[in-house]
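Student: I have a structure open and would like to go through it by question and answer. Where should we begin?

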2 protein chains.
Amino acid sequence: MQLSNSSQYAIRILAYMADNKDSKLLNATELAKTLYIPYKFLTKIMTELVKSGLVVSIRGRDGGYKFEKKTSEIMVSDILAIFNDSIKNEQCVLGIGFCNGLCKCALHDQWVEPKHLLQKMFQESSLEDIAGKGCKI
Amino acid sequence: MQLSNSSQYAIRILAYMADNKDSKLLNATELAKTLYIPYKFLTKIMTELVKSGLVVSIRGRDGGYKFEKKTSEIMVSDILAIFNDSIKNEQCVLGIGFCNGLCKCALHDQWVEPKHLLQKMFQESSLEDIAGKGCKI
DNA sequence: TATAAATACTACTTAAAGGTAGAATTAATT
DNA sequence: AATTAATTCTACCTTTAAGTAGTATTTATA
């Protein structure tokens, strides 16, 4: 019952970037050091974020990363989607596959409310919202 | 954001057993067939359930499994504990390790309510409660 | 134009979860 | 005592997530 490491790292990275979005560019070495994320793993994640259009990268000397979109327009759920970590409506606690209309699992009804709360939390938290909140380590 | 397959299977198995607790014993072959769970994986799970005292096994011909405790006294949270799938208080969404008092992650506050709901759902659902509810496949 | 510092790409390794195979053990029945 | 049908044990295989290594590419600056 946890997000993948990739998702967790990505959210932390982007939240940190949102904290420091005044500084033009942030590079992988700095991000990895200050966030205690393995450098090579971080660059892999950053490339995903670039490909999905949340972030742009400037290559070459003095390069780094910055946001492509406004931080108020990037929701945590957008980040989860990139790493296949979204909570889907059809997904159930005892799903393994999925609960469908014909066959509701034993915890189907109990799951409805927590699921909605989780989805709400991810869909309604923008990077702007969580910037400055908490430490990012 | 999902329970392990072992936990999901275990809950489904035990819920099915609770549905049929009038029949003296249920054996692995039958359980595997009716619940579409790989036989060998199911027996592995059952052995865990026996070791943890939720279920007793009768070995040898005409053997099988039955509950050791009352179904009203077995909570879903007890099952999760066996497979290290419990939702711990200290565990946070962006935890990877854990959020501690000094360092609260960016989603720490948003996580409090869904976490409690999840814990509540697991701690307050007994096998008796969910028996007969939904199909078990 | 050479150098240095950055991202990107390809491929690999490691660790954990998920699942399988086969033999050993147990016990009722014939 | 032999057979059969059940659980249990030990060991292995497979798949996926997590993480690492090395090289190629890009670009500012001296």
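Student: Is B:Ser72 buried, exposed or partly exposed?

Tutor: The model is predicted, and every value here is computed from it. B:Ser72 is found in the loop between β2 and α4 (76-82) of chain B. Buried needs under 20% relative accessible area and exposed needs over 50%. B:Ser72 has 30% relative accessibility, so the class is partly exposed.

Student: Which residues does B:Ser72 touch, not counting residues up to four places away in sequence?

Tutor: Separation along the chain has to be kept apart from separation in space. B:Glu113 is 41 residues from B:Ser72 along the chain, and their C-alpha atoms are separated by 26 Å. The residues that B:Ser72 touches, leaving out those up to four places away in sequence, are B:Ser126 and B:Glu128.

Student: What separates the C-alpha atoms of B:Ile130 and B:Ala15?

Tutor: B:Ile130 lies in helix α6 (residues 127-130) of chain B. Its relative accessibility is 0%, so B:Ile130 counts as buried. B:Ile130 and B:Ala15 are 115 residues apart along the chain, yet the separation of their C-alpha atoms is 6.7 Å.

Student: Which backbone oxygen does the side chain of B:Gln119 reach?

Tutor: B:Gln119 sits in helix α5 (residues 108-124) of chain B and, because its relative accessibility is 10%, counts as buried. Beyond four places in sequence, B:Gln119 touches B:Ile87, B:Lys88 and B:Asn89. The side chain of B:Gln119 comes to 2.9 Å from a backbone oxygen, that of B:Ile87.

Student: How many of the 15 residues of α1(A) are buried?

Tutor: Start with the length of α1(A): at 1.5 Å a residue, its 15 residues should span 21 Å, and the end C-alpha atoms are 21 Å apart, so the two agree. As for burial, α1(A) is mostly covered. The number of buried residues is 13.

Student: Next, the DNA. Which residues come nearest to DNA strand D?

Tutor: There are 24 residues around DNA strand D. By class, the surface near this strand has eight nonpolar, eight polar and eight charged residues. The nearest of the 24 are A:Lys40, A:Phe41, A:Lys44, A:Gly60 and B:Ser57.

Student: What percentage of the atoms of DNA strand D within 4 Å of the protein do sugar and phosphate account for?

Tutor: Two contacts go to phosphate oxygens of DNA strand D: a polar side-chain atom of B:Thr47 at 3.5 Å, and a side-chain N or O atom of B:Ser57 at 2.5 Å. A base nitrogen of DNA strand D also lies 3.4 Å from a polar backbone atom of B:Arg61. Among the atoms of DNA strand D within 4 Å of the protein, the sugar and phosphate share is 66%.

Student: Which element gives the most to the surface near DNA strand D?

Tutor: Both chains take part. At least two residues each come from α1 (5-19) and α3 (39-51) of chain A and from α3 (39-51), β1 (55-58) and β2 (64-67) of chain B. With four residues, the element that gives the most is α3(B).

Student: Which residue has a side-chain N or O atom 2.7 Å from a base oxygen of DNA strand C?

Tutor: 25 residues surround DNA strand C, and A:Ala28, A:Ser57, B:Lys40, B:Lys44 and B:Gly60 are the closest. A base oxygen of DNA strand C is 2.9 Å from a side-chain N or O atom of B:Arg59, and one is 3.3 Å from a polar backbone atom of B:Gly60. For the 2.7 Å pair with a base oxygen, the residue is B:Lys40.

Student: Which element gives the most to the surface near DNA strand C?

Tutor: By class, this surface has eight nonpolar, nine polar and eight charged residues. Chain A supplies at least two residues from each of α3, β1 (55-58) and β2 (64-67), and chain B does so from each of α1 (5-19) and α3. The element that gives the most, with four residues, is α3(A).

Student: What relation do chains A and B have?

Tutor: Chain B superposes on chain A by a rotation of 180° with 0.0 Å of shift along its axis, at an RMSD of 0.0 Å. That is the relation of a two-fold axis.

Student: Which residue of chain B comes closest to the rotation axis?

Tutor: The copies meet through the same surface, because 100% of the interface residues of chain B are also interface residues in chain A. Going by C-alpha atoms, the chain B residue closest to the axis lies at 2.4 Å and is B:Met1.

Terms used
Residues are numbered from 1 along each chain as its sequence is written. Chains are lettered from A and ligands numbered from 1 in the order in which they are written. This is a predicted model: local features need pLDDT of at least 70, side-chain atom pairs count only at pLDDT 80 or more; totals for chains, interfaces and linings use all residues. Side-chain values use heavy atoms; hydrogens and water are left out. A residue is near a molecule or strand if one of its heavy atoms lies within 4 Å of it. A polar contact is a pair of N or O atoms within 3.5 Å; within protein, one must be able to donate a hydrogen and the other to accept it, and residues adjacent in sequence count only if both atoms are side-chain atoms. Ala, Val, Leu, Ile, Met, Phe, Trp, Tyr, Cys and Pro count as nonpolar, Asp, Glu, Lys and Arg as charged, and the others, Gly among them, as polar. The expected span of a helix is 1.5 Å times one less than its number of residues. Buried means under 20% relative accessible area, exposed over 50%, partly exposed in between (1.4 Å probe, protein chains only). Contact means heavy atoms within 4.5 Å. Copies are superposed by least squares on the C-alpha atoms of residues with pLDDT of at least 70 in both.
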